[in-house]
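Walk through this model with the structure open beside the text. The route starts at a small hairpin and ends where the chains meet.

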Protein chains: 2
Amino acid sequence: MVDSKGLALGMRPKLGERVADQLRERIQKGDFAPGAQLPTESALVEQFGVSRTVIREAISSLRVDGLVKAHQGRGVFVCEDISQQPFRLCSKHLNEKDHIEQAMELRMCMEVSNVELAASRRTEADIKDMYAALDKQHAAHLAGELGQIEDFQFHLAVAAATKNSYIADFLRFLGPFIIPANAMQHMDQQKLPAYQESLRQEHLVIVEAIKEGNANAAGDGMRAHLRRGLQINSGERNV
Amino acid sequence: MVDSKGLALGMRPKLGERVADQLRERIQKGDFAPGAQLPTESALVEQFGVSRTVIREAISSLRVDGLVKAHQGRGVFVCEDISQQPFRLCSKHLNEKDHIEQAMELRMCMEVSNVELAASRRTEADIKDMYAALDKQHAAHLAGELGQIEDFQFHLAVAAATKNSYIADFLRFLGPFIIPANAMQHMDQQKLPAYQESLRQEHLVIVEAIKEGNANAAGDGMRAHLRRGLQINSGERNV
DNA sequence: TGTTGTATGTTGTATGATGAATCTACTAAA
DNA sequence: TTTAGTAGATTCATCATACAACATACAACA
């Protein structure tokens with residue numbers, strides 16, 4: 001213990017997180033090699049001057065992150081392969097604009113290839129799902145809504161046609177980063193219907209290409225579709 | 001409390017994880033809507049019949065996963081946007097073969113598009129980095145090593161040339177899923193040098209295309225390169 | 001030699017208490 | 001009535017302690 005109030009650490013945010021960050025850092029710096037045992041909880045209690053509750057909270061974080069593995073009766077060990085570490089799009093180091101642009105670009109990379117795969121593997125049911133999503137989006141547009149959710153559902157239907165669950169999962173993961181970036185909500189109300197109609201046409205081009213099994217055309221369509229969305233978002237708000 | 005031994009839950013793995021899984025399920029099922037408050041710790045203690053320690057451990061997991069946010073003095077709330085949820089390739093539902101294939105395919109989708117971006121944005125320094133990685137790989141081959149790490153370094157250098165940190169991060173994330181899948185370690189020692197030389201040629205084709213800014217050629221080269229790796233891994237072990 | 005018991009150390013779980021942040025309801029003043 | 005302020009209740013954060021479950025090493029024994 002450092003003092004009666006508590007803290008060798010500063011304590012602004014939760015103590016457990018601060019301890020977790022420090023341990024994470026030491027692990028990634030190689031201070032604790034893969035496979036090595038971390039100091040015991042009681043040792044960490046002394047080192048950090050916090051209670052065992054906090055230490056356990058910190059180690060719990062590292063465990064969820066797949067960085068360490070705890071064994072009852074033995075100790076806590078750094079994972080040999082950190083392959084279980086999750087992927088995050090942390091926007092800490094980037095400003096909002098770059099964050100959205102890079103996330104969109106990541107999505108574009110994925111989807112252009114996806115749609116090519118989808119074109120070679122789609123079934124009749126997949127095509128039907130895509131049209132169904134487009135119909136729902138159209139209905140949303142007619143109802144005066146933006147239809148962003150339905151738009152995304154279409155892209156998910158394309159991803160599903162790849163028959164690769166990881167691809168669909170990844171697009172689902174990217175979803176929340178993309179949807180709020182859509183510039184439609186800032187768009188001139190006058191121009192909205194025309195924009196929505198052009199969206200629909202782009203989508204239809206993509207579906208047709210997938211239906212025909214034309215991977216190149218599908219890829220080109222998707223690239224053009226997303227690139228236009230990217231441009232609208234990045235430079236031309238309120239045009 | 002259910003009985004003196006402790007368990008309304010079964011308890012084989014850690015109690016905290018079981019509670020966390022149940023809560024996660026209820027959240028994703030919509031039982032607790034986004035923004036809604038979870039039952040208080042003491043309420044959960046009664047519901048699950050476990051101690052506060054376990055409940056807090058479970059909530060800690062959900063917090064690290066970005067599913068909930070705890071506020072001192074107010075309660076624990078389901079996140080409005082779950083956009084902070086990390087992405088994982090969990091192989092639970094897939095057998096090992098499908099897992100590797102789908103992960104490889106995900107990588108292929110990414111890299112084919114990456115390399116096209118890289119071809120349009122690369123600087124002299126990027127090209128230099130790529131050649132440096134290839135040289136190291138060649139040296140490793142000559143030293144009788146597999147050079148898988150160096151191989152991956154080359155691909156990271158390509159990703160870096162996109163100037164999009166998320167793309168590079170994502171490839172780094174995929175790395176551990178890919179590297180152990182490489183079939184080189186199962187390959188006939190006689191054929192290894194020839195295989196390594198062909199790898200080198202494929203890599204060189206890609207670099208040349210990037211250098212010339214030829215996105216199509218770079219994409220084709222990468223696609224061919226990775227597709228061959230996929231085939232070797234999937235069907236032709238120990239040939 | 002091979003097996004069993006025991007001691008010790010580690011994480012997992014339970015429990016009670018205190019502190020800090022927040023919310024609610026009530027009171028007092030304008 | 002409206003507003004500001006205060007007191008109390010609620011809730012999570014942290015601390016401290018104790019015991020249970022498990023792993024390991026080693027001594028005791030057949």
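In chain B, B:His71 stands opposite B:Gly75 of S2(B). Helices (H or I, at least four residues) and strands (E, at least two) are DSSP runs, numbered from the N terminus. Strand S1 (residues 68-71) and strand S2 (residues 75-78) of chain B run antiparallel and are joined by four bridges. Strands count as paired if DSSP finds at least two bridges between them. Three residues lie between the strands of this hairpin, and B:Gly73 takes a positive phi near 90°.

A word on conventions. This is a predicted model, in which local features need pLDDT of at least 70, side-chain atom pairs count only at pLDDT 80 or more, and totals for chains, interfaces and linings use all residues. Residues are numbered from 1 along each chain as its sequence is written, while chains are lettered from A and ligands numbered from 1 in the order in which they are written.

Now look at chain A. Strand S1 (residues 68-71) of chain A pairs with S2(A) in the antiparallel sense, over four bridges. The bridge partner of A:His71 in S2(A) is A:Gly75. S1(A) and S2(A) form a hairpin with three residues between them. In its turn, A:Gly73 has a positive phi of about 90°.

Both of these glycines reappear at the DNA. A:Gly73 and B:Gly73 are among the residues that come nearest to DNA strand C, together with A:Thr40, B:Leu15 and B:Ser51. In total, 23 residues surround strand C; a residue is near a strand if its C-beta atom, placed from the backbone, lies within 6 Å of it. Both chains supply elements here. Helix H2 (41-48) and strand S2 (75-78) of chain A, with helix H1 (15-28) and helix H3 (52-64) of chain B, each give at least two residues. H3(B) provides the largest share, four residues. By class, the surface near strand C has six nonpolar, 12 polar and five charged residues. Here Ala, Val, Leu, Ile, Met, Phe, Trp, Tyr, Cys and Pro count as nonpolar, Asp, Glu, Lys and Arg as charged, and the others, Gly among them, as polar.

Turn to DNA strand D. It is surrounded by 21 residues, and the closest are A:Leu15, A:Ser51, A:Gly73, B:Thr40 and B:Glu41. Helix H1 (15-28) and H3 of chain A, together with S2 of chain B, each give two or more residues to this surface. The largest share, three residues, comes from H3(A). The surface near strand D divides into six nonpolar, 10 polar and five charged residues.

Next, the helices of chain B. H5(B) and helix H6 (residues 148-160) of chain B cross at roughly 175°, and their axes come within 8 Å. Axes are lines fitted to C-alpha atoms, for helices over the stretch in contact, and angles run from 0 to 180 degrees between N-to-C directions. H5(B) is therefore roughly antiparallel to H6(B), a term for angles over 145 degrees. The H5(B) side of the contact includes B:Met130 and B:Leu134, and the H6(B) side includes B:Phe154 and B:Val158. By class, this contact has eight nonpolar, two polar and five charged residues.

Helix H5 (residues 124-142) of chain B also packs with helix H8 (residues 192-212) of chain B, at an angle of about 175° and with the axes 11 Å apart. H5(B) and H8(B) are therefore roughly antiparallel too. B:Met130 and B:Leu134 take part in this contact, and among the H8(B) residues are B:His203 and B:Val207. The contact has six nonpolar, four polar and two charged residues.

Last, the place where the chains meet. 30 residues of chain A are in contact with 30 residues of chain B, contact being C-beta atoms, placed from the backbone, within 7 Å. H4(A) gives the largest share of the chain A side, 10 residues. That side divides into 17 nonpolar, eight polar and five charged residues.

Methods:
Two residues are in contact if their C-beta atoms, placed from the backbone, lie within 7 Å. Angles under 35 degrees count as roughly parallel, over 145 as roughly antiparallel, 65 to 115 as roughly perpendicular and the rest as oblique.
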